[in-house]
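Colleague: I have this model open at my desk and would love a guided close look at one part of it. Could you pick a sheet, walk me through the elements that build it and pack on it, and then place it in its wider setting?

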Amino acid sequence: MEYKCPADSLASASTIPLPAGLTLPLEVRVHGRGGQGGVTCAKLIAALFTEMGLHVQTFGDYGSERSGAPVQAYTRVDRSAISNRNKVYRPNHLIVLDEGLMGAQVMDGAAAGSQVLLNSRASLESYAVRFEHYRFGVIDATAIAREQGIGSSSVVIINTTILGAYARLLGLPLSVLERAYASLGLAGDLPAAQQAYEQVHVSEPVHGDFAPAAPAASPSPLAVRSLIAHNEDIPASLKTGSWSNQVPIYSEHSAPCNLACPAGNDIVGFIQALKNEGADKAAAILLRTQPLPSVCGRVCPAPCMQGCNRATFDGAVNIRSLERWIGDHSHTALAPQSAAQRKRVAVVGGGPAGLSAAYQLALHGHAATIVEAGPALGGVLRNGIPEFRLPHEALQRDIERIVTLGVEVRCNSRVDKVDMKRLQLEFDAVIVCVGFGPAHTLGAKGETLDGVEQGLDFLDRMKRKRVVLHGHVVVVGGGNTAVDCARTALRCGAASVKIVYRRGREDMPAITDEIEDAEREGAQILPHRQPVEFTGAGMVSAIVVAEVGAGTPDASGRRRPVVTQNTSTMVCDKVLLALGQKSELDLLPDGWTMRDGRAWHGDRTLPVWFAGDCATGDGTVTHAIGNGRRTALAVLNGDVLPDEAPAKRVAPGQIRFSHFDVTPPHKDDQTARPALTFDEVNLGLASAEEAARCFSCGHCTKCDTCLICCPDGVIFRTADGYRVDGEYCKGCGMCVAECPCSAMEMQEKNGVAA
Amino acid sequence: MTVELLSANHGAALAATLAARANRKGRGFCSGVYPITPSTECMEYLCQQTIEKGRVIRVESEHSAMGVCIGTAAAGARTFTATSSNGLAYMFENCIAAASLRLPVVLAVANRTMGPPWNIWADHSDALTLRDHGLIQFYCADNQELFDTVLCAFRLAEDRRVLMPVMVNMEGFILSHTVAQTDIPHQAQVDDFLPLTDIPHRLDDVPHTLGQIEVPHQTEMHRWQHHNAMLDVLQIYAEIQKEFEAAFGRRLPDAVVAYRAEDAETLIVSMGTIGSTAERVVDKLRAEGQRVGALRVRLFRPLPTEAIRAHFVGKKHIAAIDRNIGIGLGGVLWSETRCLADPATVMQDYLAGLGGGDVRPEHLVKMLADLVPRRSAGAPAIMEAV
């Protein structure tokens, strides 16, 4: 602290008058704990007396102890220069920052009539009798400072607050305090000091016989043993754990990737397992929630990567491709449990939600039967996503893992209203996972011309039997289906492919990487345009598109498209519509309704549940998988399971970046990009090394940083982690501060998180 | 002048800063620094200052910190660094180099016990290891004295008759971390007091190796010249005291500070802050009718033997208090000064405050109670500060 005052203020022209009744020389002793700011408190007191034109001297009793250790600081005040170089043994004023310290050690040397100021929540009365021979003040400075937000989020600093109470004890008027804080550069803390000034309770000393407190213990020091015996000496004799008011605990926190995953995958868990134990161990964790790792590792939009704490450091961990690595390189499957009471459940629809639901049922030991309208399982995965993004073998591998668990499959069985009733009677429960309804149409003139086709039908057709396209293709829409259509059309020989989208390029819901791939492959994106007419004689030959302006923002914050009168005409030979699908269910028997993911007959629930897009409309494979799993568990449980309250999210600021080397992400191998064939474009990662980049947010990696950083050496390895020796831990918090991945926190000793 | 509330560490750094700026029209200032408790605050403060034509270089060790000072001092800059304890030990080799190359480096030492076992508190065992290598040594007793002595150290070190490093010692924590009012002169006053650094053997444009090999006779003579220059410091310091008083209006304490010593029968001789405590004890015992005085050796190298001898004359008892121990003999202050006492004087050595113990007036009273009945001196005795 640097504080300037004019030289002549020492003589007489002081800014603050001496309080009446102040006797000099004065000795003040401050008792606190390491980290509470006791030394600064003593310095502030010195500065206050400097304002009165007095000589001061202030110093701390420095030790090797750290946070939490009992510490002292001193201030001497006199009219002339101070030559005393000793600690303060006979204090006139005692300031105690932590009431846990109150005792003979603190009161040592304080004569009757000395002034004591204590920071405490307790009332003055609870101390008045015991300390009746002292002028005794009590103030809850901690509460005031906390309320005023002085200090950091974890440590409240009370020295500027308690100085207000001290000024009152000295009998200084409030105006003096204001002036002093202004000149000390502490104006910001004045409200807290004022509050303490007003709230401090003081009892006057009782005069009469005074039995001084018992002298402080340990006047005779322990015999010092030979240095040769030091290896069996000192450390054990001082139980420093009693100094702490908070202790470190190991506690798991939620990684942002885990919180972001719609499927509920334990991402940190499987990546750490991949890093430490290989793909099979990682699969054992991943397969608990994810029946389709090879699929999701290719087609998931990966919200986990957007949340990754590494994103702001050197790039998000390539989580999607690590999942793919595990799916493609593991040779393990989970064994089904045995259920006490085996349920028979029909799952209508063999898309991602249905597969996930059936998988979970089978894993839990129940009998699942998938009733699928098409000739094979997979739904949109089989007939929607093109081969160059999701090869048949990858899908087949994931599906076989599910079927092998003992799932019964009935293909080519479209379920109608009558079948629904039958299934409900035949099975203990039914889960309907039929996905979206029919595709949206544009409603534009000429939409029924030949050559105008629904994109989903086109993709399905191309997967069954590829045909060669000629001429110019226009795709309408901005989602993944639109992009898939464009890229498929290019591969089928289209002379040109244009994607017409009514909003901006940045608004396209398709995966960004896929959009970029499409452009790289030759597709042209025409944003802010909408077809208003298709023309041609029987066969479409041109398309009229209107420019689209931006209107007012809708509920999602995106601006509503406003179709203008500015139109232009493009020649085309084929139009593919990818405008999304309707949420329509045509298999509910009369009298049935769908509410909260269940079927109702009147106000009675039926054992029929809905999962995936037909229930939620979320629209991604990963959401469908998550919802399928949760619905299956709800069926087994009889009701929807309440979500577990997630642990505290680990923010980037809680990661100790300094513990990690800057390592750019391992990119997927796309160098062998084939020249527009249906071979897979993205070959994934070349190795699993990317797993080593995971920060393991909120989850202990047993990296030993805590053990190494502990200044007292009281952290020990155990079979499953670490143990902190509470008898010696001073609660300094260094382990928590240094934990690279925020897998620890400080806890107050009464059990409250600090 | 302004009065600032400063720790002695910050005071030393501020004095160095003022001296640094005073050389702005000359060849500037340079400091190599490396932190160690309890001197860290000094280098921290220095690092925060804006120094026109000056640099503070944070290096990787104390050895390099002094290396920076040696190189830049040889190039003609004003130089300063600070350290403590084992940091000084690590700097040791280069301290001798700075001294033997006759470079005017100023070194502030926050005295701390040598480890291991590790101890962060004050004793003089660190600085005294450099007793015999041609560095001037001051031991200070309060914040103002420390500040003034650092300013004076630049003047002394750079005097063409001196040209050697000056160590200014303050006991760790007891002085280094104690905050008290300190009179700070204006820059113009410092500019007037400190001439621009101008050493005769400054490296010029021609590259030149310092300290090449010597034959025995050269070394013999160089040591002798160094010794004689060191002895001259006693007289030169007295001159600088006068100029300091003229410049700043206050007097630098003498090389040896006597307190009510003239008519004393018993004398307490000590160094550093124990000297202040001794003066308090003298007042107390004088009030009780005892003829006690105190002598504080402020300048330890060169040792002001004649001044000390003059104060020792006729004393019945002398207590030497050593905050150090020369293991195998006894206290260093005692062993250096006992030959200066009259043969009839009983001069007894008391080792006190080793490892940083708080040496209190009652300890000194106890020593005198032990000393006064003695008719002959005994072996050095330890006074445990508990």
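Modeller: Happy to; here is a walk through one sheet of chain B, followed by a few other spots for context. Please keep in mind that this is a predicted model. For chain B the mean pLDDT is 96, and 100% of its residues reach 70 or more. The model as a whole scores ipTM 0.91 and pTM 0.66.

Let us begin with chain B in outline. Its secondary structure comes to 11 helices and 15 strands. Of its 386 residues, 55% count as buried. If you take the contacts in chain B between residues at least 6 apart in sequence, 82% of them join residues at least 24 apart.

Now to the sheet itself. It is an open sheet of six strands in chain B, and reading across it the order is E9-E11-E10-E13-E14-E15, with mixed pairing. Which strands stand at the edges? They are E9 (256-259) and E15 (381-383) of chain B; each has a single partner strand, so one side of each is left without a neighbour in the sheet. On average, neighbouring strands here are turned by 25° against each other, direction ignored.

Take the E9 edge as a place to zoom in. E9(B) is joined by four bridges to strand E11 (residues 292-297) of chain B, and the two run antiparallel. To find this pairing on your screen, look for Ala258(B), which stands opposite Leu295(B) in E11(B). As a reminder, strands of a sheet pair through backbone hydrogen bonds, either parallel or antiparallel.

Next come two helices that lie across these strands. Helix H8(B) lies across E9, E10 (266-270), E11 and E13 (317-322) of chain B, and runs at about 170° to E11(B). Helix H11(B) lies across E10, E11, E13, E14 (346-352) and E15 of chain B, running at about 140° to E13(B).

These helices also pack on each other. H8 (residues 274-287) and H11 (residues 361-371) of chain B meet at an angle of about 65°, and their axes are 9 Å apart. Their crossing is right-handed. On the H8(B) side the contact is made by Thr277(B), Ala278(B), Arg280(B), Val281(B) and Lys284(B), while H11(B) brings Pro361(B), Leu364(B) and Val365(B). Sorted by class, the contact of H8(B) with H11(B) has five nonpolar, one polar and two charged residues.

Elsewhere in chain B, helix H2 (residues 40-48) is worth a visit. Its buried residues are Glu41(B), Cys42(B), Met43(B), Tyr45(B) and Leu46(B). Among the elements that cover them are helix H1 (8-22) and strands E1 (2-7), E2 (29-33), E3 (54-58), E4 (78-83) and E5 (105-111) of chain B.

For context, let us cross over to chain A. It has an open sheet of seven strands in the order E12-E11-E10-E13-E24-E23-E22, again with mixed pairing. Strands E12 (408-410) and E22 (592-595) of chain A are at the edges, each with a single partner strand, so one side of each has no neighbour in the sheet. From one strand to the next, the twist averages 30°. Within this sheet, E13 (residues 429-432) and E24 (residues 604-610) of chain A run parallel and are joined by three bridges. There, Ile431(A) stands opposite Trp609(A) in E24(A). Helix H17 (residues 417-426) of chain A lies across E10 (344-348), E13 and E24 of chain A, at about 100° to E24(A). Helix H22 (residues 621-637) of chain A packs on the sheet too, touching E10, E13 and E24 of chain A, and its direction makes about 165° with that of E13(A).

One more strand of chain A deserves a look. All five of the five residues of E6 (residues 115-119) of chain A are buried, so this strand is largely enclosed by the rest of the structure. Gln115(A), Leu117(A) and Asn119(A) are buried on one side of E6(A), and Val116(A) and Leu118(A) on the other. E6(A) pairs with strand E5 (residues 93-96) of chain A in the parallel sense over four bridges, and five bridges join E6(A) to the parallel strand E7 (residues 135-139) of chain A.

Finally, a word of care. Chain A averages a pLDDT of 89, and 93% of the residues score at least 70. Over residues 1-13 of chain A, however, pLDDT stays under 50. Where pLDDT is low, the predicted coordinates should not be read in detail.

Notes. Residues numbered from 1 in each chain as written. Chains lettered and ligands numbered in written order. Predicted model: local features only at pLDDT ≥ 70, side-chain atom pairs only at ≥ 80, totals over all residues. pLDDT = per-residue confidence, 0-100. Axes fitted to C-alpha atoms, helices over the stretch in contact; angles between N-to-C directions. Left-handed = near helix turned anticlockwise from the far one by under 90°. Contact = placed C-beta atoms within 7 Å. Nonpolar A, V, L, I, M, F, W, Y, C, P; charged D, E, K, R; others polar. Pairing = 2+ DSSP bridges. Buried ≥ 20, exposed ≤ 12 C-beta atoms within 10 Å, placed from the backbone.
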